[in-house]
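Visitor: I would like a close look at one part of this model, with the geometry spelled out. Could you take me through a helix and its surroundings?

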Amino acid sequence: MNAHPDNARPGTTHATSTPATDAPATDAPAPYRRAAVIGAGVIGISWAGLFLAHGMDVVVSDPRPDVREHVLAGLDEIAPALAELGLPTGNLSARLRFEADPATAVADADVVQENGPERLPVKQRIWQAVEQAAPAHALLATSTSGIPATAIAEAMRQPERLVVGHPFNPPHLVPLVEIVPGARTSARTLRQAHAFYTALGKKPQILRKEVPGFVANRLQSALFRECVHLVAEGVVTEAELDEIVTDSIGLRWAAAGPFRTFHLGGGPGGLPHFIQHLGHAMEASWPGLGAPSFDEPTVALLTEQAEQAFGGVPVHELAARRDRAQIALMRALDKTPGTHTRA
């Protein structure tokens, strides 16, 4: 399915009489009609596709010379998943344009979603320029996966406007968006961010305290550390470990998170009973968990096993398989991001 017809020109709409997936995009979530996406990596393209499918005008700003071809190819890749979610995917690029200069890109934006490199000085420079050029009403959000908003906003004149809007990859598919305030982020900005992401069918969670890495990535990092340790120690291979996770805690946690799971594990006595009978044994095992490093031998082993386990299938096909399975699981659990796009 093509996200862009051969004769499409950014900013130009095309009348069509085609199937449902080629129908006009859903109405943009009021009052967010225009989005500026800064950075056209995997996350930026995913956000852009989601915004476009919800009827927003999107301008993408990225200095790479082939940004147009790169983004259009990326939209083609994610269009099937958007369609599976019930979102229209025909002529996604009709509302899309490109602008290399971030300040120009945000000049009439209602929301700015920044996805630049995970380097603090770079993000600070971006937000200095964006803040000066973006309209006063615009929602200013960074997709950073771990840098605190407090640090990014240090050079801003109005740090209360900036908030972390951290998606779990890929943003067009996985419901979670962590909304993380900085030390000076205003309550108004938090309300604005929550309303916007909710209007896109996402499941935003406002964190009560700013912490590096936020919540989802900290959990992922803690588990992955032990995964690397077990593989490096020869306990299991990467492929075997993946099957262990997807056949056990992956399924369990998709239906009930860790605390609810152990609450159920405690029977009628709930979590207190679980901690009383099993918690101390679990605590005693914590010092024995692995502390691996990405040294040369470990990286070589992980690379070799990844090639053996996954190297025979192109990455885009692996991603498509993952997306289909993810959508099927979310549907079964009634967690599919819907097309309810009203704030």
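Guide: Gladly; what follows starts at helix α1 and works outward from there. Please keep in mind that this is a predicted model.

Helix α1 covers residues 42-53, and it packs against α2 at an angle of about 60°, their axes being 9 Å apart. An angle between 35 and 65 degrees falls outside the parallel and perpendicular ranges, so α1 counts as oblique to α2. The crossing of α1 past α2 is right-handed. On the α1 side the contact is formed by Ile45, Ser46, Gly49, Leu50, Leu52 and Ala53, and α2 answers with His70, Val71, Gly74, Leu75, Ile78 and Leu82. Sorted by class, this contact of α1 with α2 holds 8 nonpolar and 4 polar residues, with no charged ones.

Helix α1 also takes part in an aromatic pair. The model has 6 aromatic pairs in total. In one of them, the ring centres of Trp47 and Tyr197 lie 5.6 Å apart with the planes at 35°, so this pair is classed as tilted. Trp47 belongs to helix α1 while Tyr197 belongs to helix α6 (residues 187-199), so the pair links parts that are 150 residues apart in sequence.

From α2 the path leads on to the sheet. There, 8 strands make up an open sheet with mixed pairing, in the order β3-β2-β1-β4-β5-β6-β7-β8. Its edge strands, each paired on one side only, are β3 (96-98) and β8 (203-206). Ignoring direction, neighbouring strands in this sheet are turned against each other by 25° on average. Helix α2 (residues 67-84) packs on this sheet, where it touches β2 (57-61) and β3, and its direction makes about 150° with that of β3. The edge strand β8 pairs with β7 (residues 176-181) in the parallel sense, over 4 bridges. Within that region, Ile179 stands opposite Ile206 of β8.

For a second helix pair to set beside α1 and α2, try α10 (residues 258-265) and α11 (residues 270-285), which pack at about 95° with axes 7 Å apart. That angle makes α10 roughly perpendicular to α11. Here Phe259, Phe262, His263 and Gly265 of α10 meet Gly270, Leu271, Phe274 and Met282 of α11. The contact of α10 with α11 comprises 5 nonpolar and 3 polar residues, and no charged ones.

Key
Residues numbered from 1 in each chain as written. Predicted model: local features only at pLDDT ≥ 70, side-chain atom pairs only at ≥ 80, totals over all residues. Heavy atoms only, no water. Pairing = 2+ DSSP bridges. Helix = DSSP H or I, 4+ residues; strand = E, 2+ residues; numbered from the N terminus. Axes fitted to C-alpha atoms, helices over the stretch in contact; angles between N-to-C directions. Contact = heavy atoms within 4.5 Å. Parallel < 35°, antiparallel > 145°, perpendicular 65-115°, else oblique. Left-handed = near helix turned anticlockwise from the far one by under 90°. Nonpolar A, V, L, I, M, F, W, Y, C, P; charged D, E, K, R; others polar. Phe/Tyr/Trp six-rings, centres within 6.5 Å; stacked < 30°, edge-to-face > 60°.
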